[in-house]
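Please open the model in your viewer and keep the selection tool at hand. The stops below tell you what to pick next and what you will find there.

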Amino acid sequence: MSSIVNVFVVSPDTRSERRFDLHITVEQLKAKLELITGIPVQNQKISIENSDGQTLGQLADDTKQLGYYGLVNLQTLKVTDTNPSTSFTGQLSDVSQVEKFELSDEAYAKRTDTVLAYKARNKMGRFAPPSEAVPAPKVDIPIGARCEVESEEESLHKRGTVCFVGSTKFATTGVWVGVEYDEPIGRNDGSVQGERYFTCRPNYGVFVRPDRLKVGDFPVEVIDLDEEM
């Protein structure tokens, strides 16, 4: 049985696909995750989640190996920053220590040196005259076409079949392409937030922007998730 797992790593500021050896300890994992997430080792709280976002457990003992916690392919390692004020990324997003200047909506609306006043003078934003909705740009990607989706892992070829092209309810603008992967490396079954766009097996479906995939004669290629990079 392989000792390598392919998992997703998420933090307040990052999201990526990674491969780890089950023989490394939690402490060694945290050292690797600091380079990925920017969260110091001592501030990391790591939980394991399934594809539905359900927490399966916590990596609570730094001396234990990853294999001890039963980590498997396609699960998610969620890294929480327990002390954002001391982290580089946390300092950019934690505003709890910043003194706030508050101004009532009425007082703000009376000022002439604000963004609101500028938009009103130039008829921008909500002050702009109503216009016809701009249709989504046409994307020449046929349903049923074979494709390959770009990946952060250079040796990981994410191939599949185009099952949907169009606008969605989970995003207000632009065109999305729904793909059924050849292998279970996706994030859904063709539905998002209760809305179904196509049908496939769980964890085989994904939605990407058109510029993230190539259409072509891509044969089915079995992905060896057990191969160490």
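Begin by selecting L74, which lies in the loop between strand 4 (55-58) and strand 5 (76-81). Bear in mind, here and at every later stop, that you are looking at a predicted model. Although L74 is not a glycine, this residue has a positive phi of about 70°. That is worth a pause, because most residues other than glycine have a negative phi. Is L74 buried or exposed? L74 has a relative accessible area of 15%, and because the cut-off for buried is under 20%, L74 counts as buried.

From this loop, move on to strand 5 and select its partners. Strand 1, which covers residues 4-10, runs parallel to strand 5, and 3 bridges join the two. To see one such place, pick F8 in the viewer and then T76, which is the bridge partner of F8 in strand 5. Strand 3 (residues 44-49) is also joined to strand 5, by 6 bridges, but here the two strands run antiparallel. In this pairing you can select K45 and find T80 of strand 5 standing opposite.

Keep F8 selected for a moment and add R187 to the selection. R187 lies over the face of F8, at 4.5 Å from the ring centre. Where can another charged end be found over a ring? Select K64 and Y68, and you will see that the charged end of K64 sits over the ring of Y68, 4.5 Å from its centre.

Next, travel along the chain to strand 6, residues 146-149, and show the strands on which it borders. Strand 7 (residues 158-166) runs antiparallel to strand 6, and 4 bridges join them. Strand 12, residues 213-215, is likewise antiparallel to strand 6 and is joined to it by 3 bridges. V149 is a useful residue to select here, since you can follow it towards both partners: K158 stands opposite V149 in strand 7, while L213 is the bridge partner of V149 in strand 12.

While strand 12 is in view, select K214, which has its place in that strand. If residues up to four places away in sequence are left aside, K214 touches R146, C147 and E148. K214 and E148 are 66 residues apart along the chain, yet their C-alpha atoms are separated by 5.4 Å. K214 has a relative accessibility of 60% and therefore counts as exposed, the cut-off for that word being over 50%.

Now select residues 174-209, the range that UniProt lists, in an unreviewed entry, for "domain: CAP-Gly". Over this range the chain is 0% helix and 39% strand, and the C-alpha atoms at the two ends are 8 Å apart.

Stay in this part of the model and select N203, which lies in the loop between strand 10 (195-196) and strand 11 (205-208). N203 has a positive phi of about 70° and is not a glycine. With a relative accessible area of 24%, N203 is partly exposed.

The next stop concerns aromatic rings, of which a search of the whole structure finds 8 pairs. Select F170 and W176: their ring centres are 5.2 Å apart and their planes stand at 65°, so this pair is edge-to-face, a term used when the angle is over 60 degrees. F170 is partly exposed, at a relative accessible area of 25%, whereas W176, at 16% relative accessibility, counts as buried. Then select F198 and F207, which form a tilted pair with 5.5 Å from centre to centre and 55° between the planes. Both F198 and F207 are buried. Which residues belong with these rings in one aromatic cluster? Show F164, F170, W176, Y197, F198 and F207 together, for they form one such cluster.

Finally, clear the selection and display the whole chain, which contains 4 helices and 12 strands. Of its 229 residues, 38% are buried. The chain exposes about 14400 Å², and carbon and sulfur atoms supply 51% of that area. Among contacts between residues at least 6 apart in sequence, 52% join residues at least 24 apart; K214 and E148, which touch and are 66 residues apart along the chain, give you a pair to look at again with this in mind.

Notes:
Residues numbered from 1 in each chain as written. Predicted model: local features only at pLDDT ≥ 70, side-chain atom pairs only at ≥ 80, totals over all residues. Heavy atoms only, no water. Pairing = 2+ DSSP bridges. UniProt positions renumbered as here; feature names shortened; annotations may be inferred. Phe/Tyr/Trp six-rings, centres within 6.5 Å; stacked < 30°, edge-to-face > 60°. Buried < 20%, exposed > 50% of the residue type's maximum accessible area, 1.4 Å probe, protein only. Lys NZ or Arg CZ within 6 Å of the ring centre and 35° of its normal. Contact = heavy atoms within 4.5 Å. Areas by Shrake-Rupley, 256 points an atom, 1.4 Å probe, with all protein chains shown as cover.
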